[in-house]
Amino acid sequence: MMESAIKREVKSTEPMAIEPFDKEWGVGVSGLTENTSPFPRINKILKWLKERDHTADHERAVIYTDGYFKKYTPYPQILKCALTLRDVLQNVSINIWPDELIVGEIAAPAKSAPVYPEFSIDWLCDEMVNAPLDQRRNDRYVISEETKKALFEIKDYWKGHTLEEHILSTLTEEELKGSHLEKGVNFFDLYVSAGAGHVCADYDKLLSIGFGGIRKQVEDQIHKVNTSDPDHLTKKEFYDAELIILDGVTSYISRYGHLAADMAEKETNPERKAELLRISSNCLQVAEGPARDFWEAIQLWHIATNMIIIETNGHSVTYGRFDQIFYPYYRRDIEKGTFNREFIQELIEMSFLKIHELCKIRNKTAIVFSSGTFMGGTALDVGGVDKDGNDATNDLSYMVLDAHAHTRIPNPWMGVRLHENSPWEFKVKTFNVIRIGTGEPKIFNDAAMIKALQNYDKPIEDARNYVGIGCVEPCVPGKTYGWHDSSSFNIAKVMQLAINGGRCIGCGSHCPRYSKCAGIGGRLGIDTGNLESFESFDQVMDSFDKQMEYWCNLMISQINKVDLAHQRLKPLPYLSLLIEDCIGKGKDVSAGGALYNHSGPQGVGIGTVADSLAAIKQLVFDEKKVDGKTLLNAIRANWQGHEPLYALVNSDRMHCYGNDDDYADDLARFVTATYCKHVEHRPTPHGGEYMPGVFSVSQNVMAGFYVAATPDGRKAGEPLSDCIGPVHTQMGSHDRNGPTAVAKSVAKLDHSRIGNGLILNWKFSPGAVSGETGRDSLISLMDIYFENNGMQSQFNIVGKEVLTDAQKNPDQYKDLLVRVAGYSAYFIELSEELQSDLIGRTELSFD
Amino acid sequence: MKITEDGEPYGLITNIQKYTIHDGPGIRTEIFFKGCPLRCIWCSNPEGQSYEQQIGIYPSKCIGLSKCSLCINSCPRGTDTPIKTEDDRLLSLQEIPECKNCFRCAEECPSRAIMIWGKKMSVPELMKVILEDRNFYLKTGGGVTLSGGEVMLQWEFAALLLKACRDASIHTCVESSLYCPTEHMEKVYEATDLVITDIKHMDTERHKEYTGVGNELILKNIKRTAELKKPLVIRIPVVPDHNNSEKNIRATGEFIRDVLGNHVIQLQLIPFRKIGTEKYATLNLPYPMGDFSPPERSVWEKNLLRLTEIMKEYNIPAVAGSSQKMC
Ligand code: SF4
Ligand code: SF4
């Protein structure tokens, strides 16, 4: 206790933020307060944003189609893409909204989503007619008649030319059978109909040399290309594309500068006039030049990221380590007196609102499982170590946390990096923000994240500079094209095939595949054995391993085809400007221009499979309470007629993952290791290696739809276990020993192999974390989890009653923000399936 | 002390709760002992009262006789079983003496609709669980808290367990009513680092009315605890209309100041919460506070804070609730 008492002293008297480090905002009060920012401007814009509908905008789509099919048809693909994007940037309408201090949009007005026909457009046109987007329960979009008309007009041009159609035409029957379109072993649809995103630009370079400096880098390289080099033409086309894009970029940013100047001229309020003039000069400066102060820097950072979104149609375009990127500007401005701390705080909050206004339309299936996400993956990290391993926490780290407490919106997705020398004050602020209950921020363990990256051959300096992409994916910013999240792999479905001779549980003539599968003696997977005939548990594990190998191989061949299609059809010349070493290599980022390349498919359902295997081991082989055949029949019958067995497997008599019980935890280790083994380090088409991840975001709900009952006491269609957490079924939670046991069980998995990251969701009742006692115990719990090599944690701190009530009376909980998986979202904006999954998670409460 | 057939002493334990953070400093594992000589009317852990294993029932968890019936089929009394059912479901189970040596229905019931309150556990068995969270105690200055029920009712076993904890360098806390022979208490204190006890009422008649026993022995033991300089935390379970009068609070304050010389680390005023309904039902027991309707939360919080302020007049480190740091 002595030691902790010493730690608790405030070490620094330096200002760390505009709020004291131990300011409390309340516990579990998400969504219960208004006007939370001390800045009236921020509250005002926030209100305006909340009242605005989400809409769609056709301009990008129309300009893009025009370029692609009329103006630039004969050009090679990369130039065609560069020219059409340049046209978008030069011609799309732009706006500066009232009271804004930072400007820029994504080729569509605030809270409006652009359309990306080059990926796929049929589904949108179809839904506009058959499933109107303004009548959705959640993720509503109001689409004007004008937009509808424009989209219908361009639709036919794209027939046969979209990325989606190209990919589907390359897939074999064997690859399709397990896909999201059929039996749901592997969901690789994310990058079939949208861009890969999941990337973090080199902001240090951009802010310090500006687009003009980057232009110079490109020009320098052009001269170095040897004309007799076999790659000469590819490189030349690439560099030409870069210069074309840079023209577009400069004119896009300048256009905002001119617009601001025009508006200033008409503005009668002298204060606003001055702001507009400053906005104008900011834009004109950073259209080519470097950022000279904090305001210019944050302007450039924001608009440069928007252009990645305009180009790529990817989500999880990540904003990087905010406190590290901006500290030099902040420090200089404070020292020189350019701005005071309050104004910089206001700019940070302003930037959060600008990120919050971004959005992306997802199709009607996606929004059931991934709802309420706005743009999605707008990640931004603070804290952590520098490249030498020293603490890098600074004033901005604290200010960013205050900014969330002041805005309480689900964007950006915030991550706090912690390590053994993180200041106590910083932890206190972090957990005080967490205790508000909005689900933000998540916390990362530097040691584990760095170790995972080193395991993928990153030099230590780069590994230490990691950022969590989107949800959590460890990534070296500015140097990586990670294809994180390239697929979600349904481990539970594979486990079922492994105990049922390669056939689905519940196989029969009602299955649409029957006549080409079991009906003619075939099977969905391969025959690796059957629970009726296994003689030992080793045989069960062996069967699972073989079935996993088969399906992981198939998954990789699917992803590879998707990867290649992106290289062929959708090069990304703008993004290539901002990722090292595309310019040096003369290669587009989609084709392997980045220094580090990966593909990171996620395994889903670790807990479900671990508990299922544990149940088989315990009941069939160790205790011999039931034979394999009976257990198999029970899950085939969805437990009907087997109610006592169903109650038993859901009872505390069973060994279950998450209870610090090696019996089940060892099996969770086995399942995770098996997945990693069949995925890790395999080559990707864009020149990198595969890197497995273990989290579901909300895919556990989707994947569960495709999985019949499982031996852990789950019924058909119920969600699988979420991310890396323990199981909870309709009958209740399988973790029964509280948070210390969960922390210990999860830490037993080998996190260093999980290069694409993992998520651990915690749910505490407000009473369990309130007061100093509650706060400090939670901090210590996480300290120990991290000392044991845990990688990540995120929290929901809302009472179950509140959630249940909010599901019934959504109108009273409009601002209730909760943590879903990789992200936080407004509870009432979630699909019913996700709401119920959240309510079902174990609530740890002990008062 | 009870001993198994192999000569191993055991305790009767109702529950073990890890990550307890309000009963002593740091992160703790709390062991609930079964059996208590008091019968406080506001008790919300009635399963801790009887010093015997008991059957508890949760009829809502029963999956249905037509699907299961494992309980009835396993009952050696056949048709004369005390298990009562209604509409294809378990209804009630009024224990008969034979049940104590049987409990077969509870062992068979797959859904824990019938379960046993109280588990016989030896010191090594308990230490295994306790040691699992050792790192958490070390990090936070936490440890083990013995609670109940009434720890002193199993004082010999408690002393053994505490000694084992001390040998493992684990901080120990005992939460007790201190209604016990002083020698037992002192024996238990040998390996106890912190004591948490209640002062439920200063008027012995009222005390008897609410708990079944007078307060003389308790106050004597508290005084002795102070004399022994045992670190002490005192709680007042503040129950509206029962012990929340200013008079009683002042009398308590005077006792702590004048008799104990303010030898108290913290005085906690704990608000009564009506959470016993379900548990009493599982035991077929009436809930004495069942008809009591607690006042509005805001009124109630104000009242608690006012009483806390009064306590401070006596220079007592008083706090409302149990979530402020003790040390
Ligand atoms: S026929 Fe049977 S094994 Fe084949 S996919 Fe359908 S359900 Fe699965
Ligand atoms: S054994 Fe349990 S679940 Fe089965 S009928 Fe009896 S009480 Fe109900």
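Biologist: Hi! Which residues touch the most other members in the largest nonpolar core?

Modeller: Hello! This is a predicted model, and in its largest nonpolar core those residues are A:Phe211, A:Phe294, A:Trp301 and A:Tyr574. The core holds 283 residues.

Biologist: Which element gives the largest share of this core?

Modeller: That is H21(A), which contributes 13 residues. There is also a second, separate core of 54 residues, and B:Met121, B:Val144, B:Ile222 and B:Leu269 are among them.

Biologist: Why would nonpolar side chains be buried together?

Modeller: As a general tendency, that is how nonpolar side chains behave in soluble globular proteins.

Biologist: Let's switch to ligands. Which residues surround ligand 1?

Modeller: Four cysteines are easy to pick out in the list: A:Cys504, A:Cys507, A:Cys511 and A:Cys517. The others are A:Lys183, A:Arg503, A:Arg513, A:Tyr514, A:Ala518 and A:Leu524.

Biologist: How many residues of that shell are nonpolar, polar or charged?

Modeller: The shell around ligand 1 has seven nonpolar residues, three charged and no polar.

Biologist: And which residues are around ligand 2?

Modeller: Those belong to chain B, including B:Cys62, B:Cys68, B:Cys71 and B:Cys109, along with B:Ile63, B:Leu70, B:Pro110 and B:Ile114. This shell divides into 10 nonpolar residues, two polar and no charged. The space that ligand 2 takes up is the second largest cavity.

Biologist: New topic: how many salt bridges does a search of the whole structure find?

Modeller: It finds 71 over all chains. One of them joins the side chains of A:Lys47 and A:Glu51, at 3.5 Å from N to O.

Biologist: Where do A:Lys47 and A:Glu51 lie?

Modeller: Both are in helix H2 (residues 40–51) of chain A, four residues apart, or about one turn of the helix.

Biologist: Are they buried or exposed?

Modeller: A:Lys47 counts as exposed because its relative accessibility is 55%, over the 50% cut-off. A:Glu51 is exposed too, at 56%.

Biologist: Which parts does the A:Glu532 and A:Arg636 pair tie together?

Modeller: Their side chains meet in a salt bridge of 3.3 Å, N to O. A:Glu532 sits in the loop between helix H20 (491–498) and helix H21 (537–569) of chain A, and A:Arg636 is in helix H25 (residues 628–636) of chain A, so the pair ties together parts that are 104 residues apart in sequence. A:Glu532 is partly exposed at 39%, and A:Arg636 is partly exposed at 34%.

Biologist: Which residues are linked in a network of salt bridges?

Modeller: A:Asp660, A:Asp662, A:Asp665, A:Lys744 and A:Lys748 are.

Biologist: Now the backbone. Where is the peptide bond cis?

Modeller: One cis bond runs from A:Glu580 to A:Asp581, with omega near 10 degrees. A:Asp581 is in the loop between helix H22 (573–577) and helix H23 (582–585) of chain A. Another joins B:Gly148 and B:Gly149, where omega is about 15 degrees.

Biologist: Which residue has a positive phi although it is not a glycine?

Modeller: A:Lys111 does, with phi of about 60 degrees, and so does B:Phe103, at about 55 degrees.

Biologist: Is A:Lys111 buried or exposed?

Modeller: A:Lys111 is buried, with a relative accessible area of 8%. B:Phe103 also counts as buried, at 6% relative accessibility. B:Phe103 is in the loop between strand E6 (89–93) and helix H2 (104–108) of chain B.

Terms used
Residues are numbered from 1 along each chain as its sequence is written. Chains are lettered from A and ligands numbered from 1 in the order in which they are written. This is a predicted model: local features need pLDDT of at least 70, side-chain atom pairs count only at pLDDT 80 or more; totals for chains, interfaces and linings use all residues. Side-chain values use heavy atoms; hydrogens and water are left out. A salt bridge is a side-chain nitrogen of Lys or Arg within 4 Å of a carboxyl oxygen of Asp or Glu. Helices (H or I, at least four residues) and strands (E, at least two) are DSSP runs, numbered from the N terminus. Buried means under 20% relative accessible area, exposed over 50%, partly exposed in between (1.4 Å probe, protein chains only). A residue is near a molecule or strand if one of its heavy atoms lies within 4 Å of it. On a 1 Å grid over the protein atoms alone, a cavity is a set of points where a 1.4 Å probe fits but cannot get out, and a pocket is an open set with protein on both sides within 12 Å along at least five of seven lines; lining residues have an atom within 4 Å of a point. A molecule sits in a cavity or pocket if more than half of its atoms lie within 2 Å of its grid points. Ala, Val, Leu, Ile, Met, Phe, Trp, Tyr, Cys and Pro count as nonpolar, Asp, Glu, Lys and Arg as charged, and the others, Gly among them, as polar. A nonpolar core is a set of buried Ala, Val, Leu, Ile, Met, Phe, Trp, Tyr and Cys residues joined through side-chain atoms within 4.5 Å.
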